[in-house]
Amino acid sequence: MATNAPARLIPVVWEQLDIAHYFHAVSSSEHEIQGKSDPAVYLSTVKKLNVEPSACIAVEYSVFGIMAAINANMRTVVVPPVAEYFDKNTTLRILSLNNSLNTSNVLQSN
């Protein structure tokens, strides 16, 4: 798990939801120089897992999280908040963000 949440909250939430056993590594952006949209929290997590970012799938709901995951070179599944599921503007913002990030990544690699 790569999260912007404070590290002290993670075990509390995991315990309440009984989900700790699903995670093998966790990183909080409070231990990074910058939070999401910077990819550092994702890169710290994949380093702990000893895997390449391109072998991972990020699940995100926020614009900053989407930017961080894509810039970490991870495939990204966007799950917007329930209230935005059928909001055409949300879909257009996500598609626009994805297109601009992909263009930026291509430009940076040349």
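This report describes the fold, the nonpolar core, the largest pocket and a few single residues of one protein.

The model is a predicted one, in which local features need pLDDT of at least 70 and side-chain atom pairs count only at pLDDT 80 or more, whereas totals for chains, interfaces and linings use all residues. Residues are numbered from 1 along each chain as its sequence is written, and side-chain values use heavy atoms, with hydrogens and water left out.

## Overall fold

The protein contains four helices and four strands, where helices (H or I, at least four residues) and strands (E, at least two) are DSSP runs numbered from the N terminus. Read along the sequence, these elements follow the pattern β-α-β-α-β-α-β-α. Of the 110 residues in the protein, 28% are buried; buried stands for under 20% relative accessible area, exposed for over 50%, and partly exposed for what lies in between, with a 1.4 Å probe and protein chains only. The accessible surface comes to about 7500 Å², and 58% of that surface belongs to carbon and sulfur atoms; such areas come from the Shrake-Rupley method with a 1.4 Å probe, and for residues only the protein chains shown count as cover. Among the contacts with a separation of 6 or more, 42% are accounted for by residues 24 or more positions apart, a contact being heavy atoms within 4.5 Å.

## The nonpolar core and its helices

The largest nonpolar core is made up of ten residues, namely Ala2, Val41, Tyr42, Val46, Cys56, Ala58, Ala68, Ala69, Ala72 and Met74. Helix H2 (40–49) and helix H3 (63–71) each supply at least two residues of this core, and H2 gives the most, with three residues. A core of this kind is a set of buried Ala, Val, Leu, Ile, Met, Phe, Trp, Tyr and Cys residues joined through side-chain atoms within 4.5 Å. In soluble globular proteins, nonpolar side chains tend to be buried together.

Within H2, the residues Ala40, Val41, Tyr42, Thr45 and Val46 are buried, and what covers the buried residues of this helix includes S1, S2, S3 and H3. In H3, the buried residues are Gly65, Ile66, Ala68, Ala69 and Ile70. Tyr42 links several of these parts, since leaving aside residues up to four places away in sequence it touches Ala2, Lys36, Ala58, Val59, Glu60, Gly65, Ala68, Ala69, Ala72 and Met74.

## The largest pocket

The largest pocket has a volume of about 460 Å³ and is lined by 20 residues, of which Ala2, Lys36, Tyr42, Val59 and Glu60 lie nearest its centre. On a 1 Å grid over the protein atoms alone, a pocket is an open set of points where a 1.4 Å probe fits, with protein on both sides within 12 Å along at least five of seven lines, and its lining residues have an atom within 4 Å of a point. Grid points are joined across faces, edges and corners, and the volume is the space filled by probe spheres set on the points. Strand S1 (2–3), cited also as a neighbour of the loop that holds Ala5, supplies at least two residues of the lining, as do H2 and strand S3 (57–60). By class, the lining has 14 nonpolar, four polar and two charged residues; Ala, Val, Leu, Ile, Met, Phe, Trp, Tyr, Cys and Pro count as nonpolar, Asp, Glu, Lys and Arg as charged, and the others, Gly among them, as polar.

## Single residues

The table sets out the accessibility of some residues.

| Residue | Relative accessibility | State |
|---|---|---|
| Ala5 | 26% | partly exposed |
| Ser29 | 8% | buried |
| Asp18 | 56% | exposed |
| Asn50 | 70% | exposed |
| Val77 | 40% | partly exposed |

Ser29 is found in the loop between strand S2 (27–28) and H2, and, not counting residues up to four places away in sequence, Ser29 touches Thr3, Asn4, Gln34, Gly35, Lys36 and Val41. Val77 has its place in strand S4 (residues 75–78); Val77 and Ala58 are 19 residues apart in sequence and 6.1 Å apart in space, C-alpha to C-alpha.

Most residues other than glycine have a negative phi. Asp18, in the loop between H1 and S2, has a positive phi of about 55 degrees although it is not a glycine. Asn50 takes a positive phi of about 60 degrees just after H2, and Asn73 takes one of about 70 degrees just after H3.
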